[in-house]
2 protein chains.
Amino acid sequence: MTKSDSFTQAVRSWVDVSTQRSMRGWSHHAKATGLSMPQFSIMMQLYYRGACGLSEISERFEITNAAASQHVDNLVQAGLLERSEDPHDRRAKHIQLSAKGKSMIEKGIGERYRWIDQLAEGLSEKERVRTAEALTVLTEAARKLDQST
Amino acid sequence: MTKSDSFTQAVRSWVDVSTQRSMRGWSHHAKATGLSMPQFSIMMQLYYRGACGLSEISERFEITNAAASQHVDNLVQAGLLERSEDPHDRRAKHIQLSAKGKSMIEKGIGERYRWIDQLAEGLSEKERVRTAEALTVLTEAARKLDQST
DNA sequence: GCATAAAGTTAAGCCCACTTAACCAAAAAG
DNA sequence: CTTTTTGGTTAAGTGGGCTTAACTTTATGC
């Protein structure tokens, strides 16, 4: 019990400090680019899960088609997204990141994670190896949780 | 270089999966309570850093006094915050969580972290000890970063 | 004691995300 | 071939978070 508690405590502390950090990075990047939270989220999602139709976006974010369409439209006009006709279904649209959009997201990711490199510098080689192993175990376990849920 | 990269990669993956998790918990709690993001943040901050005046809130969130005052007012009317006069400075207000607010936040924290307990169940005793140690090291290092910045 | 600064509040207004409702075009169903 | 469903857009309106500006009250500096 007490063992499990100290585990819980360690994870909580780390989750707190790391989310705080990565949020700070995000908000910095947000101000620099002028992107709003939902805009950024949509682009991130297109970056990681690839191109998709409009209704997939509204489903994933649980908003109406209308809202999704407006966001996409703004991003298209900003030159960050490309919206084309789906050749197999002429009703549907094919939405993907433009080159500009892709590079912006990659820059954002770099920004958001820069503190991790700084973190690495404060650790010994041994510590780096050991913590990397531990985190891999945790990440795996968390992914299993995702699948079972 | 490659060593540092695998460290970076491990941390990134874990940060991704854990922020996603804790965000999901948060958004669930948000819908249940009807609290907005800034409202929730203000209450969290009062929970962790204790009672304070209004201008401290506006400083911490980088918003104007007017905005902070409005948020606080809403939360007071919802019975989640108590706003009283500071005995030492009659201009200032003393803002703190009400009993109701405190218990709501504690419930929220529990909600947000429940997945960590599930995570613990999927690990052996040995893994728990080792990962807890690793995370403690990381948390420490991150806190040092905060101080130096 | 008087001018100035500081803590908070209130009101008016802006912007943005979101919704509903009406709509068009293409595909699927019968 | 008609009807219905699906994918998407547009317009109008709502609500929230924020700002500026004007104001009240209390504390501070000289």
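Student: Let's start with the DNA. Which helices of chain A and chain B each supply at least two residues of the surface near DNA strand C?
Tutor: Happy to help, and keep in mind that this is a predicted model. Both chains take part, so to speak, with two helices apiece named for the surface near DNA strand C. From chain A come helix H2 (37-49) and H4, and from chain B come helix H3 (54-61) and H4.

Student: Which helix gives the most to the surface near DNA strand C?
Tutor: Among the 25 residues around DNA strand C, those that come nearest include A:Ala66 and B:Ala66. Ranked by how many residues each element gives to this surface, the top place goes, with six residues, to H4(B).

Student: And how do the residues of the surface near DNA strand C divide into nonpolar, polar and charged?
Tutor: The surface includes A:Ser36, A:Ala67 and B:Gly53, which are among the residues that come nearest to the strand. Sorted by class, the surface near DNA strand C holds eight nonpolar, ten polar and seven charged residues.

Student: Now the other strand. Which residues are the closest to DNA strand D?
Tutor: DNA strand D is surrounded by 25 residues. By class, they are eight nonpolar, ten polar and seven charged. The closest come from both chains: A:Gly53, A:Ala66, A:Ser69, B:Ser36 and B:Ala66.

Student: Where does the largest share of the surface near DNA strand D come from?
Tutor: Four helices each supply at least two residues here: helix H3 (54-61) and helix H4 (65-77) of chain A, and helix H2 (37-49) and helix H4 (65-77) of chain B. The largest share is six residues, and the helix behind it is H4(A).

Student: How are H3(A) and H4(A) placed: roughly parallel or roughly perpendicular?
Tutor: Their axes lie 9 Å apart, and the packing angle is about 110°. Because of that angle, H3(A) counts, relative to H4(A), as roughly perpendicular.

Student: Is the crossing of H3(A) and H4(A) left-handed or right-handed, and which residues make the contact?
Tutor: H3(A) passes H4(A) in a right-handed crossing. The contact is built from A:Leu54, A:Ser55, A:Ile57 and A:Ser58 on the H3(A) side. H4(A) answers with A:Asn65, A:Ala67, A:Ala68, A:Ser69 and A:Val72.

Student: How far apart are the centres of domain 1 of chain A and domain 2 of chain A?
Tutor: The domain assignment gives domain 1 as 1-34 + 99-149 and domain 2 as 36-97. Taken over C-alpha atoms, the separation of their centres is 27 Å.

Student: Which helix gives the most to the side of domain 1 of chain A that touches domain 2 of chain A?
Tutor: The contact takes six residues from domain 1 of chain A and eight residues from domain 2 of chain A. On the domain 1 side, five residues come from one element, helix H5 (residues 99-121) of chain A.

Student: Let's turn to the protein dimension. Which helix gives the most to the side of chain A that touches chain B?
Tutor: In this contact, 42 residues of chain A meet 42 residues of chain B. On the chain A side, the elements that give two or more residues are helix H1 (2-33), H5 and H6. The biggest contribution is 17 residues, from H6(A).

Student: What is the angle at which the axes of helix H6 of chain A and helix H6 of chain B cross?
Tutor: Both helices span residues 125-148, and their axes come within 9 Å. They cross at roughly 125°.

Student: Is H6(A) oblique or roughly perpendicular to H6(B)?
Tutor: The axes cross at roughly 125°. That value therefore makes H6(A), relative to H6(B), oblique.

Student: How do the residues of the contact of H6(A) with H6(B) divide into nonpolar, polar and charged?
Tutor: Residues of H6(A) in this contact include A:Glu127, A:Arg130 and A:Leu138, while those of H6(B) include B:Glu127, B:Arg130 and B:Leu138. The full tally is eight nonpolar, two polar and four charged.

Student: Finally, which residues of H6(B) do A:Trp115, A:Gln118 and A:Leu119 in H5(A) meet?
Tutor: H5(A) and H6(B) pack at an angle of about 105°, with their axes 10 Å apart. That angle is why H5(A) is roughly perpendicular to H6(B). The H6(B) residues met are B:Leu138, B:Ala141, B:Ala142 and B:Leu145.

Terms used: Residues are numbered from 1 along each chain as its sequence is written. Chains are lettered from A and ligands numbered from 1 in the order in which they are written. This is a predicted model: local features need pLDDT of at least 70, side-chain atom pairs count only at pLDDT 80 or more; totals for chains, interfaces and linings use all residues. Axes are lines fitted to C-alpha atoms, for helices over the stretch in contact, and angles run from 0 to 180 degrees between N-to-C directions. Angles under 35 degrees count as roughly parallel, over 145 as roughly antiparallel, 65 to 115 as roughly perpendicular and the rest as oblique. Two residues are in contact if their C-beta atoms, placed from the backbone, lie within 7 Å. Ala, Val, Leu, Ile, Met, Phe, Trp, Tyr, Cys and Pro count as nonpolar, Asp, Glu, Lys and Arg as charged, and the others, Gly among them, as polar. A residue is near a molecule or strand if its C-beta atom, placed from the backbone, lies within 6 Å of it. Domain bounds come from an automatic or database domain assignment. A crossing is left-handed if the near helix is turned anticlockwise from the far one by less than a right angle, and right-handed if clockwise.
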